[in-house]
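Biologist: Could you take one part of this model and go through it slowly with me? I'm new to this, so please explain a term when I need it.

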Amino acid sequence: MTPELMSKMIENGKAAFEPVVKLNAISKEAVETLSKQQVELAREYMDMGVKSVETLTAAKDPQTLVEAQVEMAKAFGDKVVAQAEAYAKLAAATQQKVASWAEETMQSNAANVQAAVKTAAKTVA
């Protein structure tokens, strides 16, 4: 095995690891964003629980209580829908990034393989 071929193999090994690092960065970003969104939703659940108890203790009659609970439920439902939309946007953005990453990686690998084959052919010839 020639030094040129060995050098090319080392270079290809390093190049093969780069896509893994890029994919990891995409995954990390998605998980961090998702975690923040989930913490926010948990906070909303806790706030609703506190408001529910406050409403229950402040209500003077059943009608007032029901009206307040309906208003609270609607506001909370709107927040849950907004969170679901944020999850869907995150999933779509992450899917697009992974698709771009996969395409870029396939093209890079194909170019690396072609270069390696040419180098090996020169070495054999």
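Modeller: Let's start with a word we'll need: a residue is called buried when its relative accessible area is under 20%, exposed when that value is over 50%, and partly exposed in between. Keep in mind that this is a predicted model.

The part I'd zoom in on is the aromatic pair. How many aromatic pairs turn up in a search of the whole structure? Just one. The partners are Tyr45 and Phe76, and they sit edge-to-face, with 4.9 Å from centre to centre and 65° between their planes. Planes over 60 degrees apart count as edge-to-face, so the 65° of this pair earns that name.

Where do the two rings come from? Tyr45 belongs to helix H1, which covers residues 3–58, while Phe76 belongs to helix H2, residues 62–124. The two are 31 residues apart, so the pair links distant parts of the chain.

Now put our word to work. Is Phe76 buried or exposed? Its relative accessibility is 12%, so Phe76 counts as buried. Tyr45 comes out at 48%, which means it is partly exposed. So this pair has a buried ring from H2 and a partly exposed ring from H1.

Let's step back to the helices that carry the rings. H1 has 56 residues and spans 83 Å from its first C-alpha to its last, close to the 82 Å expected at 1.5 Å a residue. H2 has 63 residues, and its span of 90 Å is close to the expected 93 Å. For a feel of distance along H2, try Glu67 and Val113: they are 46 residues apart in sequence, and their C-alpha atoms are 69 Å apart in space. Glu67 itself is in H2, and at 46% relative accessible area it is partly exposed.

Which residues of H2 are buried along with Phe76? The list includes Leu65, Met72, Gln83, Leu90 and Trp101. These buried residues of H2 pack against H1. Turn it around and H1 has buried residues as well, among them Leu5, Ala15, Ile26, Leu41, Glu44 and Thr55. H2 is part of what covers them.

Thr55 makes a nice close-up of that cover. It is found in H1, and at 17% relative accessibility it counts as buried. Leaving aside residues up to four places away in sequence, Thr55 touches Leu65, Ala68 and Met72. Two of those names should ring a bell: Leu65 and Met72 are on the list of buried residues in H2.

Charged side chains come into the picture too. Side chains of opposite charge can pair when their charged atoms come close. How many salt bridges does the structure hold? There are six. One of them joins the side chains of Glu104 and Lys22, at 2.6 Å from N to O. Glu104 lies in H2 and Lys22 in H1, so this bridge ties together parts that are 82 residues apart in sequence. Both ends are partly exposed, with 41% for Glu104 and 41% for Lys22.

Other bridges stay within a helix. Glu40 and Arg43 meet at 3.0 Å, N to O, and both lie in H1, three residues apart, about one turn of the helix. Glu40 is partly exposed at 29%, and so is Arg43 at 43%. In H2, Asp78 and Lys74 form a bridge of 3.2 Å, N to O; they are four residues apart, again about one turn. Asp78 is partly exposed at 44%, whereas Lys74 counts as exposed at 55%. Why can neighbours at that spacing face each other? An α-helix has 3.6 residues a turn, so residues three or four places apart point the same way.

One last stop is on the surface. Met6, Met9 and Ile10 make a nonpolar patch of about 290 Å². Ile10 is found in H1, and its 48% relative accessibility makes it partly exposed.

So, back to where we began: Tyr45 of H1 and Phe76 of H2 link distant parts of the chain, and the buried residues of H2 pack against H1.

Key:
Residues are numbered from 1 along each chain as its sequence is written. This is a predicted model: local features need pLDDT of at least 70, side-chain atom pairs count only at pLDDT 80 or more; totals for chains, interfaces and linings use all residues. Side-chain values use heavy atoms; hydrogens and water are left out. Rings of Phe, Tyr and Trp (its six-membered ring) pair if their centres lie within 6.5 Å; planes under 30 degrees apart count as stacked, over 60 as edge-to-face and the rest as tilted. Buried means under 20% relative accessible area, exposed over 50%, partly exposed in between (1.4 Å probe, protein chains only). Contact means heavy atoms within 4.5 Å. The expected span of a helix is 1.5 Å times one less than its number of residues. Patches are made of residues with over 30% relative accessible area and no salt bridge: like charges are joined within 9 Å, nonpolar side chains (Val, Leu, Ile, Met, Phe, Trp, Tyr) within 5 Å. Accessible areas come from the Shrake-Rupley method with a 1.4 Å probe; for residues, only the protein chains shown count as cover. A salt bridge is a side-chain nitrogen of Lys or Arg within 4 Å of a carboxyl oxygen of Asp or Glu.
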